[in-house]
Amino acid sequence: MNKALQKVIEGAALVAVPVVLVVCALTRIQQTAALSLFVVLAALLMFFVSYDKSRPALNQGMPVVVLAALAAAGRVLFFAIPDFKPVSAIAIIGGVVFGKRNGFMVGALAALVSNFFMGQGLWTPWQMYAWGLVGYLGGYFAERGFFRRKVVLLGYGFVSGLLFGFIMNFWSILGFTQADGALIALIYSTALPFDLVHSAATVIFLLVLYVPWQRKLERIKRKYAVGGLAQAHATMNSSVTAGQKPTNSQESAGHPMFQETFDHIVQVLAEGKPVIFPTDTVYGLGVAVNAAKSPQVLYELKERDEGKPVAWLVSEVADITRYGKNVPDYALKLAQTYFPGGLTLVVQAGEEVPALFQGKDGTIGLRMPDYPLTLDLIKRVGAPLATTSANISGEPATSCFKDISPQLLKKVEAALQADPEKTAPASTVVDCTSIRPRVLRQGAIIIE
């Protein structure tokens, strides 16, 4: 199915339900229960058909099914405590990690499956829609970087409980009563304590589950190309040289054209020249440290102050002690836990780090990307890549190739575009030069 058409169908499916409810409330249609039930069933059918038409592979659908099953099991497990359920939290996690469409599927399937144990009824489609919407919005906000701060994520978790309750209460009031304003206020005030419990439960489950689950699920996503992130070399567009516009054709890893493209990128790096390439976070602009004499060219391309340090992308966890010195134990534990991944550790630079690549205070930022293409580049070149985000200084970093400045593209020797495009924040940066770690920038990984 065409992606544009798919977005239109899904958008219409999601918007149709609240629109019909509002229309029914304003016009006081007598058959509101039947009409609204028909619309919500049609909306669910449209979304499920759209999802199926996208032909998700087994490795993409399995995490959704597993998360939905866990959410359903959690709902059954906590059945004795009214509204204290993990479904919203797990749907949000599914949306954040695997994208808004998969977040919707997690919430909707969890409601359907759990009701085989807790009782099916006219409420089931509405619960499927409401929990699906919670997961969808979670993915939508995550794609736009709203959840880089944990407090915002938890805030959405709290609001999601109220949103779920508002939808379910609105439907029951319109469908089964002829309530006036006073009665509606009474019904909502009576339901509010239960909705607040739901909100509090969602926050608690996010606090407990989000960090460990997100880390593990991100690894699964990258390994099996779930949620739109391609595997290493699975499908990559041809290189862009001298600012040339990339083609729309896709080359697999074994395709001669792709191999020529990858080899060209390696050759340019080996000559000490800068290239633009995708990583697991944002697009990077980098040079090979065994070929480039200094990161000066990166400063010039970015129009950036030379005082700001440039991190190294490495290919092994052990590289933190190879290129760093006096590395504290907590930094080693962070590397063992989050490498490869979206975490940059700033340590005292070791002897193998040339002075020109060090920060003014003798430090170096080290990160092992969780993106096989980037790791292959490092290994093929035989040295770390001194890398900064591929953007002009003052402009936002981007994980979408189309958003990279044409001015910057024209200046580099070569660039490589990931296909399909992904959405991810920049890495989290932690200063590990003191007795305790200090977060310099929150990003892809939340560190408290």
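Student: Is methionine 118 buried, partly exposed or exposed?
Tutor: In this predicted model, methionine 118 counts as partly exposed because its relative accessibility is 35%, and partly exposed lies between the limits of 20% and 50%.

Student: Which helix is methionine 118 found in?
Tutor: Methionine 118 belongs to helix α5, which covers residues 100–118.

Student: And which residues make the nonpolar surface patch of about 580 Å²?
Tutor: That patch is made by Phe79, Val113, Phe116, Phe117 and Met118.

Student: Changing topic to α4: how many of its residues are buried?
Tutor: Helix α4 is mostly covered, with 12 of its 12 residues buried. Among them are Val87, Ile90, Ile93, Gly94, Gly95 and Phe98.

Student: What span should α4 have, and how far apart are its end C-alpha atoms?
Tutor: At 1.5 Å a residue, the 12 residues of α4 (residues 87–98) should span 16 Å; the end C-alpha atoms are 16 Å apart, so the two values agree.

Student: What follows α4?
Tutor: Glycine 99 follows α4, and its phi is positive, near 105°. Helix α13 is followed by glycine 382, with a positive phi near 85°.

Student: Which residues of α13 are buried?
Tutor: In α13 (residues 372–381), the buried residues are Leu373, Thr374, Leu375, Leu377, Ile378 and Val381.

Student: Now pockets: what volume has the second largest one?
Tutor: The second largest pocket has a volume of about 940 Å³. Its lining comprises 43 residues, and Arg304, Pro309, Ala311, Val429 and Arg441 lie nearest its centre.

Student: Which element gives the most to that lining?
Tutor: Strand β7 gives the most to the lining of the second largest pocket, with 4 residues. Elements that give two or more residues include β4 (311–313), β10 (428–431) and β11 (438–441).

How values were computed. Residues are numbered from 1 along each chain as its sequence is written. This is a predicted model: local features need pLDDT of at least 70, side-chain atom pairs count only at pLDDT 80 or more; totals for chains, interfaces and linings use all residues. Side-chain values use heavy atoms; hydrogens and water are left out. Patches are made of residues with over 30% relative accessible area and no salt bridge: like charges are joined within 9 Å, nonpolar side chains (Val, Leu, Ile, Met, Phe, Trp, Tyr) within 5 Å. Accessible areas come from the Shrake-Rupley method with a 1.4 Å probe; for residues, only the protein chains shown count as cover. A salt bridge is a side-chain nitrogen of Lys or Arg within 4 Å of a carboxyl oxygen of Asp or Glu. Buried means under 20% relative accessible area, exposed over 50%, partly exposed in between (1.4 Å probe, protein chains only). The expected span of a helix is 1.5 Å times one less than its number of residues. On a 1 Å grid over the protein atoms alone, a cavity is a set of points where a 1.4 Å probe fits but cannot get out, and a pocket is an open set with protein on both sides within 12 Å along at least five of seven lines; lining residues have an atom within 4 Å of a point. Grid points are joined across faces, edges and corners, and a volume is the space filled by probe spheres set on the points.
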